[in-house]
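Colleague: Please take me through this model one point at a time, and state the cut-off behind each term as you use it.

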Amino acid sequence: MNIVIINGPNLNFLGIREPDVYGTQTLEEIETKIEEYAEIQKINCSFFQSNSEGELIDRIQQAHLDKVDGIVLNPAAYTHYSYAIHDALKAVDVPTVEVHLSAIHTRESFRKESVIAPACIGQISGFGPTGYLLAIHALKEVIK
Ligand code: DQA
């Protein structure tokens, strides 16, 4: 099973960015833990982060061309307004789990809506970096 973990804007600043909300681990440290977990699960995973909407869309389209089995996506702030990312997920039809480190439904009202979730098989929010592992577990269960 091949999956891609895609992270959106400002997540390259994890560890620096609002540690009280997003924790102290860097994206690199989180990716190392994901890699370790995926290895145990016999899953190949690749990683991608971008601050730009177009690059995230290109990577989602590439996932289709590469015939990956699933996507774990933290669209960051694009969650709340990127119809273009929503459309990209619909276009490729690769099973996708949306992940958020923070509990978006308990925060500012603009974070409560995800325009991405309707294009995903599910959403995981509020478990910090463990959310990525839960998403991989969920994808594995759905795909098998
Ligand atoms: C986030 C939540 C978003 O609302 C925010 O814009 C982010 C990170 C999260 O992981 O909790 O950048 O996706």
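**Serine, ligand and helix**

Colleague: Is S102 buried or exposed, and what is its relative accessible area?

Modeller: S102 is buried, where buried stands for under 20% relative accessible area, exposed for over 50% and partly exposed for what lies in between, with a 1.4 Å probe and protein chains only. Please keep in mind that this is a predicted model, in which local features need pLDDT of at least 70 and side-chain atom pairs count only at pLDDT 80 or more, while totals for chains, interfaces and linings use all residues. Residues are numbered from 1 along each chain as its sequence is written, and side-chain values use heavy atoms, with hydrogens and water left out. The relative accessible area of S102 is 7%.

Colleague: Which residue's side chain makes a polar contact with the side chain of S102?

Modeller: S102 lies in the loop between strand 4 (96–100) and helix 5 (109–112); helices (H or I, at least four residues) and strands (E, at least two) are DSSP runs numbered from the N terminus. Leaving aside residues up to four places away in sequence, S102 touches V21, Y22, R107, S125 and G126, a contact being heavy atoms within 4.5 Å. A polar contact is a pair of N or O atoms within 3.5 Å, of which, within protein, one must be able to donate a hydrogen and the other to accept it, and residues adjacent in sequence count only if both atoms are side-chain atoms. At 2.9 Å, the partner of the S102 side chain is R107.

Colleague: How much of the ligand's own accessible area does the protein cover?

Modeller: The residues surrounding the ligand, each with a heavy atom within 4 Å of it, include R17, Y22, N74, H100, S102 and R111. A polar side-chain atom of N74 lies 2.8 Å from a ligand oxygen atom, a polar side-chain atom of H100 is likewise 2.8 Å from a ligand oxygen, and an N or O atom in the side chain of S102 is 2.6 Å from an oxygen of the ligand. On its own the ligand has 320 Å² of accessible area, and the share covered by the protein is 99%.

Colleague: What is the phi of A76, one of the residues around the ligand?

Modeller: A76 sits in the loop between strand 3 (70–74) and helix 4 (83–92), and it counts as buried at 10% relative accessibility. Its phi is positive, in a residue other than glycine, with a value near 55°.

Colleague: Is D93 buried or exposed, and at what relative accessible area?

Modeller: D93 is found in the loop between helix 4 and strand 4, and its phi, positive in a residue other than glycine, is near 55°. D93 is exposed, with a relative accessible area of 67%.

Colleague: Why are the buried residues of helix 2 on the same side, and what arc do they cover?

Modeller: Helix 2 (residues 27–40) reaches 20 Å from its first C-alpha to its last, close to the 20 Å expected at 1.5 Å a residue, a span taken as 1.5 Å times one less than the number of residues. Its buried residues are L27, I30, E31, I34, Y37 and A38, whereas on the other side E28, E39 and I40 are exposed. The buried set packs against strand 1 (2–7), strand 2 (44–49) and helix 6 (130–143). Taking directions from the helix axis to the C-beta atoms, the buried residues lie on the same side of helix 2 because they cover an arc of only 125°.

How values were computed:
Areas by Shrake-Rupley, 256 points an atom, 1.4 Å probe, with all protein chains shown as cover.
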